[in-house]
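User: Please take me through this protein model by question and answer. I am in my first year, so keep the steps short.

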Amino acid sequence: MTYAITQTCCSDATCVAVCPVNCIHPTPEERAFGSTEMLHIDPRTCIACGACADACPVDAIFPADSLPVAQQEYAAINAAYFEDTAAAEAPEPDPAGPNFHAWGEPTFPRVLPADFAPLKVAVVGTGPAGMYAVQDLLLHTSAEVTLIDRLPVAGGLVRYGVAPDHPATKKVGETFARFHAHPRVRMHLGLDVGTDVTPEEIAAHHDAVIYAVGASADRRLAIPGEELPGSISATAFVAWYNAHPDAAPDGVDLSAERAIVVGNGNVALDVARILLADPDTLARTDIADHALSALRDSKVREVVLLARRGPEHAAYTKSELLALKHLPGVDLVVDDHDPRIAEAVDAAGAKDKAAVLQGVTRARPDWDLAPEPGRRIVLRFHCEPVEVLGAERVDAVRVAAEAGERTVRAGLLLRAIGYRGVPVAGLPFDETGGTVPHAGGRVEGQPGTYVVGWIKRGPSGGIGANRTCAAETVSTLLADAVAGALPAPRHATKAFHRLVRRRNRQVVDARGLAAIERAEVNRGASAGRPRVKLATVAELVSTARAGRGGLLR
Ligand code: NAP
């Protein structure tokens, strides 16, 4: 018996570190790590000790012989990785069996002087990137951390980005939550940098500041009609079903039978899945109450995904498409409008992305008609929107393909073409990439200021990609500290905490956050749900306040 890594792999490589026989690849040291969609266990060397399964932050690792039905393909997917030339970096197994005592030369990428004083570091943003940086600082240095978020609750995209029907992925939040109440962390949630405090004030009270603010805006299609009612960004839709306080509960109209999603990244797949998933299944998740009730009344039964490239270049990961094939009650269909699509799917080798579509129904839907009965997701490759049509709201989308332009009737358009970073007060900004220019995480021209996550490298990569990204930023920060290159803070960090209290009495701390957590979990318990989220700033703040006996620091 061996273990296998499955759909929810976050690739943060926690498993790699605990494997006693180095059977999980690619490792962060291997070139393929930068582009892999998931990690794989080599069945030839796995000794089935289960250490990886215990350590996995998202419950993605199971014994290969007891995989749930929908995950059974993963035994072969893991094994196939090691037959592939792309895995050439993975070492051949030792014919004598695993050698527990084969140690390599020790390397010490970070060496801190013995008398290194604890650094005072502010981290702005409590999503995965910020929290991996915090974890690194707390576990590997004696740093004291000030943790800031503009919302009165922590989590970033773990709370507001991960789809509600992906509870295993959300589990990584428990790993991060360990650090919220850490004795060397002081948390200020609901504190807006730029309004409540300036970047200069944060810098003046800390040795270093790490911005982990993500990419909160969305890319634009720049086509006529994009602003019509009924055309919304996937970013807004995701925020809506995840109970983000900025999303209006009645902000999504689901009265149309057909929805078009532009883009075919994992966000596009998430929104398509949520639009068609069985509401009774969603009712067991932490989906926003307003979204659940709108989805129960939804008329949407067909979702068309428009992708400008072919199935061999799809932006989604294989694992997410595989999951879509198993979505109960929803058919997956490929629009066969362009001969290149069938060619690419038929020619795909077993490990190619397009191979996942082998055996999937092909059809040529008549886009002038209402959708056929039943619920289905249609993948339309080699096709781009050129205009959104409608007098009052979206009625149809004109699309361009090899065979020319045509119109697809649809009443809802979701733009899932990627997130975009927004300028951070006081930091330089690269308008082209929507990122902050940096070298190894150090913000250009601003000693003591660092970036991590999507605002550093752009909006790509799942949760786990932030772990290595954070390690790089923290390493740069520590090297700068050792080199004496950090500007000395002008004020004590304690003075910053007093300043915060003067500026914003509603700021939530670790105890307030724990009160929110308790309240949400309690609300969910009676309904058999993991939690029912508080969906407004007012509710979050008052719950934190009540939980702290009416006092907020
Ligand atoms: P993404 O993976 O970059 O996909 C963006 C999609 O938009 C691509 O299909 C892209 O097409 C298309 N696109 C961009 N500009 C376009 C235009 N002007 N016209 C038409 N199509 C356009 O972005 P994402 O889906 O927002 O995901 C962001 C990151 O989060 C990804 O790394 C993703 O894997 C990760 N994520 C992971 C999960 C998960 O693991 N379950 C869930 C959500 C997000 P091209 O490919 O042709 O450029």
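The turns below go through some helices, strands, loops and the ligand of this predicted model.

User: Does the span of helix α4 agree or disagree with what its number of residues leads one to expect, and what is the span?
Analyst: Helix α4 covers residues 128-140, which makes 13 residues. At 1.5 Å a residue, the expected span is 18 Å. The model agrees with this, because the end C-alpha atoms of α4 are apart by 18 Å.

User: How many of the 13 residues of α4 are buried?
Analyst: A residue counts as buried when its relative accessible area is under 20%. Among the residues of α4 that are buried are P128, M131, Y132 and L138. The helix is mostly covered, and the number of its residues that are buried is eleven.

User: Is strand β7 largely enclosed or not, and how many of its five residues are buried?
Analyst: Strand β7 is made of residues 185-189. It is largely enclosed by the rest of the structure, because the number of its five residues that are buried is four.

User: Which residue of β7 stands opposite T146?
Analyst: Strand β6, residues 144-149, runs parallel to β7, and five bridges join the two. Within β7, the residue opposite T146 is R186.

User: How many residues of strand β11 are buried, and which of them lie on each side?
Analyst: In a regular strand, side chains alternate between the two faces of the sheet. In β11, residues 258-262, five of five residues are buried. Both faces are covered: one side has A259 and V261, and the other has R258, I260 and V262.

User: Which strands pair with β11, and in which sense, parallel or antiparallel?
Analyst: Five bridges link β11 to β12, residues 302-306, and there V261 has L305 as its partner. Four bridges link β11 to β19, residues 412-415, and there V262 stands opposite R415. The pairing with β12 is parallel, and the pairing with β19 is also parallel.

User: Which residues come nearest to the ligand?
Analyst: The shell around the ligand has nine nonpolar, eight polar and four charged residues. Helix α10, residues 266-276, gives the largest share of this shell, with three residues. Of the 21 residues around the ligand, the ones that come nearest are N264, V267, R308, R309 and G461.

User: Which side chains have polar atoms at 2.9 Å, 3.2 Å and 3.3 Å from ligand atoms, and what share of the ligand's area does the protein bury?
Analyst: An oxygen atom of the ligand lies 2.9 Å from a polar side-chain atom of R309, and for N266 a distance of 3.2 Å to a ligand oxygen is found. The side chain of E320 has an N or O atom 3.3 Å from a nitrogen atom of the ligand. Alone, the ligand exposes 920 Å², and the share of this that the protein buries is 78%.

User: Is S233 buried or exposed, and how far is its side chain from the backbone nitrogen of A236?
Analyst: S233 belongs to strand β10, residues 231-233. Its relative accessible area is 6%, so S233 is buried. A polar atom of the S233 side chain and the backbone nitrogen of A236 are separated by 3.0 Å.

User: How far apart in space are G230 and A410?
Analyst: G230 is in the loop between β9 and β10. At 13% relative accessibility, G230 is buried. G230 and A410 are 180 residues apart in sequence, while their C-alpha atoms are separated in space by 9.5 Å.

User: Is the peptide bond from H25 to P26 cis or trans, and what is its omega?
Analyst: Most peptide bonds are trans. P26 sits in the loop between β2 and β3. The bond from H25 to P26 is cis, with omega near -5°.

User: What is the phi of D59 and of H382, and is each buried or partly exposed?
Analyst: Most residues other than glycine have a negative phi. D59, in the loop between α2 and β4, is partly exposed at 34% relative accessibility, and H382, in the loop between β15 and β16, is buried at 13%. The phi of D59 is positive, near 50°, and the phi of H382 is also positive, about 50°.

Conventions
Residues are numbered from 1 along each chain as its sequence is written. This is a predicted model: local features need pLDDT of at least 70, side-chain atom pairs count only at pLDDT 80 or more; totals for chains, interfaces and linings use all residues. Side-chain values use heavy atoms; hydrogens and water are left out. The expected span of a helix is 1.5 Å times one less than its number of residues. Buried means under 20% relative accessible area, exposed over 50%, partly exposed in between (1.4 Å probe, protein chains only). Two strands pair if DSSP finds at least two bridges between them. A residue is near a molecule or strand if one of its heavy atoms lies within 4 Å of it. A polar contact is a pair of N or O atoms within 3.5 Å; within protein, one must be able to donate a hydrogen and the other to accept it, and residues adjacent in sequence count only if both atoms are side-chain atoms. Accessible areas come from the Shrake-Rupley method with a 1.4 Å probe; for residues, only the protein chains shown count as cover. Ala, Val, Leu, Ile, Met, Phe, Trp, Tyr, Cys and Pro count as nonpolar, Asp, Glu, Lys and Arg as charged, and the others, Gly among them, as polar.
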